[in-house]
Amino acid sequence: MQHEKLIHSLEEVRGANHLSDDAGRLMQASRAHNTHYAYASMLKRFDAWLNGRSIDDVTIANYLAFLEKSGKAVATARLALAAIRFRARRNGSSRPDGPITASTLEGYGRNNPYLGRGQAQGIEWEQADAMVSLAASQGSLAGLRDAALIAVMSDCLLRISEAAAITLSRIRSEKDGTGRLLIAKSKTDPMGRGTILHLRAWTMRRIAAWTDAANISLGPLFRPVRKGGIVATAALSSGSVRAIIQKWASAAGVTGRVSGHSLRVGSAQSLVSAGATLPELQQAGRWLSPEMPAHYARGQLAGKGAVARLRPDS
């Protein structure tokens, strides 16, 4: 239903311009599922606020002001604007925003740089490894699964949706004991070109411990474990992946706002601390621009910057 609302006039476009069902299906696939869901949610709120108003530059600027007054982060405003533009493109309309919206959004960001929930607490490599060891030491099927999940996500800077979608056919062992993971499709790769990521030998051993104990060789890698040690055939949900991360982060003493993004953020921070450059970090996390990884690792980057390297202590 939400996706129908997202492009609620697609049927009108079909009728007016003879858009085929196949073309409509391909239009739907032009954005990753999670992006569609986020846009649909944003547009539902925007449409409720509109209450009959026309959609133009001034109206959108007023909506951004409403979001700011409601305490929403500037990222929320940017996402709302992206959703509004996306629907206009889908409907064959010109961009409804203009210079007034642009100025309003700029002021939003300048006046409220810390508005919203803030960045998720990063779980760096050492903390992630501690979580893995704790989960594995539990001695249960679920513990072995959780250990493998956390290790894979930390190595590969995965989003929770990417971790939930891993199948055994996407993992390859190398002669030196390390592994390779193929991410066939992701938020920043909606066309499915694919990316191959490195898995440590330690992580491969965690995967083997889980799959051997669960007796699985095909299909989803990470699955629910039912009562009595029964392993399901379906994949874990993204929500379940998030809950596992939060559970073991708490057990390992990680404080702050832990989210499904915490392993990704923490690995970015650890990479910079270990000497990775911003382009290397961007490649490892598959970010399309350096803005987000630079934000995640801004403290570590400052510690590696020119002043930190070149100015001596007094």
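The following paragraphs lead through a predicted model, from its confidence to its cores, one helix and selected residues.

The mean pLDDT of the protein is 86, and 85% of its residues reach 70 or more. Residues 1–16 fall below 50 in pLDDT, and in the model this stretch has 27 contacts beyond near neighbours in sequence.

The interior may be approached through its nonpolar cores. The largest nonpolar core has 42 residues, and those with the most contacts inside it are I123, M153, L158, L181, F222, V241 and I245. Two or more residues of this core come from each of the helices α8 (125–137), α9 (141–156), α10 (160–164), α11 and α12, and from each of the strands β2 (179–183) and β3 (195–199). Helix α9 gives the largest share, nine residues. The surroundings of V241 illustrate the packing: leaving aside residues up to four places away in sequence, V241 touches L149, M153, I160, A163, A164 and L236. A second, separate core comprises 19 residues, among them F46, L67, A77 and A83.

L67 also belongs to helix α5, where D57, T59, I60, A61, Y63, L64 and L67 are buried. An α-helix has 3.6 residues a turn, so residues three or four places apart point the same way. Helix α5 covers residues 57–69; at 1.5 Å a residue its 13 residues should span 18 Å, and because its end C-alpha atoms are 19 Å apart, the model agrees with that expectation. At the N-terminal end of α5, D56 acts as a cap, with a side-chain oxygen 3.3 Å from the backbone nitrogen of V58. After α5 comes G71, whose phi is positive, near 85°.

Positive phi values also occur at two asparagines. N51, in the loop between α4 (33–50) and α5, has a phi near 50°. Is N51 buried or exposed? With a relative accessible area of 69%, N51 lies over the 50% cut-off and is therefore exposed. N215 has a phi near 55° and lies in the loop between α11 (201–214) and α12 (238–251). N215 counts as exposed because its relative accessibility is 71%.

S262 presents the opposite case in terms of exposure: its relative accessible area is 0%, so S262 is buried. This serine is placed in helix α13, which covers residues 262–273. Which residues does S262 touch, not counting those up to four places away in sequence? They are A120, Q121, G122, I123 and R257. Of these contacts of S262, I123 has already appeared among the residues with the most contacts inside the largest nonpolar core.

How values were computed:
Residues are numbered from 1 along each chain as its sequence is written. This is a predicted model: local features need pLDDT of at least 70, side-chain atom pairs count only at pLDDT 80 or more; totals for chains, interfaces and linings use all residues. Side-chain values use heavy atoms; hydrogens and water are left out. Helices (H or I, at least four residues) and strands (E, at least two) are DSSP runs, numbered from the N terminus. Buried means under 20% relative accessible area, exposed over 50%, partly exposed in between (1.4 Å probe, protein chains only). Contact means heavy atoms within 4.5 Å. The expected span of a helix is 1.5 Å times one less than its number of residues. A polar contact is a pair of N or O atoms within 3.5 Å; within protein, one must be able to donate a hydrogen and the other to accept it, and residues adjacent in sequence count only if both atoms are side-chain atoms. pLDDT is the predictor's confidence in each residue, from 0 to 100. A nonpolar core is a set of buried Ala, Val, Leu, Ile, Met, Phe, Trp, Tyr and Cys residues joined through side-chain atoms within 4.5 Å.
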